[in-house]
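Trainee: I would like to practise reading a model of protein with DNA. Can we go through the terms step by step?

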Amino acid sequence: MEPEHKRKLHARINGWFAENARDLPWRDPECSPWGILVSEVMLQQTPVVRVLPVWHEWMERWPEPAALAAEPSGEAVRAWGRLGYPRRALRLHAAAAAITEVHGGKVPDTHAALLTLPGVGDYTAAAVASFAFGRRETVVDTNIRRVHARLITGNALPSQSLTAAEMRLADSLLPDADAEAVAWNASVMELGAMVCTARSPRCEECPVLSNCAWVQAGRPEPHYIPKGQAWHGTDRQVRGAMMAVLRQAEGPVLRELLLTGPVDLGAPAADSSLSPLGALHALSAPQEQLERALAGLLRDGLAELSDAGVRLPA
DNA sequence: CAATCGTGGCC
DNA sequence: TGGCCAAGATT
């Protein structure tokens with residue numbers, strides 16, 4: 001791409017960001033690298049509005065990695081609440097331990113070192129290196145991929161999996177200077193999240209509408225049909241319901257209580273479908289599926305067996 | 001590369 | 001109402 005065109009895109013998108021960016025706490029210049037790392041992990045597949053309250057709780061309770069590492073991993077899982085994908089909490093706890101033991105309590109400041117932390121992949125390593133340490137990193141998330149697909153490539157959606165071509169494109173668009181690159185990363189991501197959205201993009205608000213290859217091509221349909229994520233009747237649904245029971249429980253939960261279908265235990269109130277246990281039983285999952293779900297939780301370290309039953313890791 | 005892994009709001 | 005989707009990582 002011509003340097004002049006590239007420069008124009010930078011100016012327009014960064015200018016839009018300066019006027020329209022959300023005021024998110026992890027964008028505060030005072031936010032610590034730890035706060036930024038926690039936000040990035042929480043934001044993996046979870047919307048900002050749901051992350052906000054939990055992130056504040058975590059920062060107050062565990063202002064630095066060592067504080068989290070000093071507690072059982074089950075506390076991280078419980079404090080994760082309903083953000084989803086609870087093994088992220090487990091990995092964040094493990095990352096805090098590694099930071100404490102291997103990195104002197106400080107979040108590492110290079111992409112390579114960050115990549116060695118549990119739960120930190122290429123995106124998160126680049127995002128933390130860029131946003132927390134001001135490095136020039138090629139940050140590529142689902143928002144940025146979608147903006148590039150439309151603005152440059154002219155497709156409605158990015159390819160189904162991250163390709164080498166996409167990385168090269170992102171590399172070629174990244175400004176040369178560190179600070180410019182950091183601003184560009186944040187700006188394109190925000191544009192994708194707020195304007196160039198997956199469904200019904202708000203093109204009338206787009207600062208680069210006149211440059212958009214997808215719009216100029218007449219907004220062609222996607223080249224493929226995204227496959228939905230099955231939920232009802234799946235192991236994931238059962239795991240989720242089971243985790244809700246364990247999070248809410250004070251201590252161990254009787255194994256039979258988790259694995260048994262609806263049954264009159266003489267305490268009908270406790271089995272209300274409004275309680276986590278009631279919700280689990282209301283699924284009426286086959287015995288085999290319940291056992292498979294529990295085995296999965298134990299294998300993943302999200303739960304453990306004690307004399308008294310099943311509980312979060314202590 | 002494709003499957004797996006939560007949760008809830010929105011259209 | 002129900003499918004779609006969200007700042008991915010791991011196997």
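**Contacts with the DNA strands**

Mentor: This model is predicted. Start with DNA strand B: 18 residues surround it, and R82, P86, R87, R236 and R239 are the closest. Sugar and phosphate make up 60% of the strand B atoms that come within 4 Å of the protein.

Trainee: What makes the pair between R50 and a base oxygen of DNA strand B a polar contact?

Mentor: A polar side-chain atom of R50 lies 2.9 Å from that base oxygen. The cut-off for a pair of N or O atoms is 3.5 Å, so the pair counts.

Trainee: Why does G240 count as making a polar contact with DNA strand B?

Mentor: A polar backbone atom of G240 is 3.4 Å from a phosphate oxygen of the strand. That value is within 3.5 Å, so this pair counts too.

Trainee: Which helix gives the most to the surface near DNA strand B?

Mentor: Helix α13, residues 235-248, with four residues.

Trainee: Now DNA strand C. How do you know that R146 makes a polar contact with a phosphate oxygen there?

Mentor: An N or O atom in the R146 side chain is 2.8 Å from the phosphate oxygen. The limit is 3.5 Å, so it is a polar contact.

Trainee: What part of Q229 lies 3.0 Å from a base nitrogen of DNA strand C?

Mentor: A polar side-chain atom. With G121, a backbone N or O atom lies 2.9 Å from a phosphate oxygen of strand C.

Trainee: How do the residues near DNA strand C divide by class?

Mentor: Eleven are nonpolar, nine polar and seven charged.

Terms used: Residues are numbered from 1 along each chain as its sequence is written. Chains are lettered from A and ligands numbered from 1 in the order in which they are written. This is a predicted model: local features need pLDDT of at least 70, side-chain atom pairs count only at pLDDT 80 or more; totals for chains, interfaces and linings use all residues. Side-chain values use heavy atoms; hydrogens and water are left out. A polar contact is a pair of N or O atoms within 3.5 Å; within protein, one must be able to donate a hydrogen and the other to accept it, and residues adjacent in sequence count only if both atoms are side-chain atoms. Ala, Val, Leu, Ile, Met, Phe, Trp, Tyr, Cys and Pro count as nonpolar, Asp, Glu, Lys and Arg as charged, and the others, Gly among them, as polar. A residue is near a molecule or strand if one of its heavy atoms lies within 4 Å of it. Helices (H or I, at least four residues) and strands (E, at least two) are DSSP runs, numbered from the N terminus.
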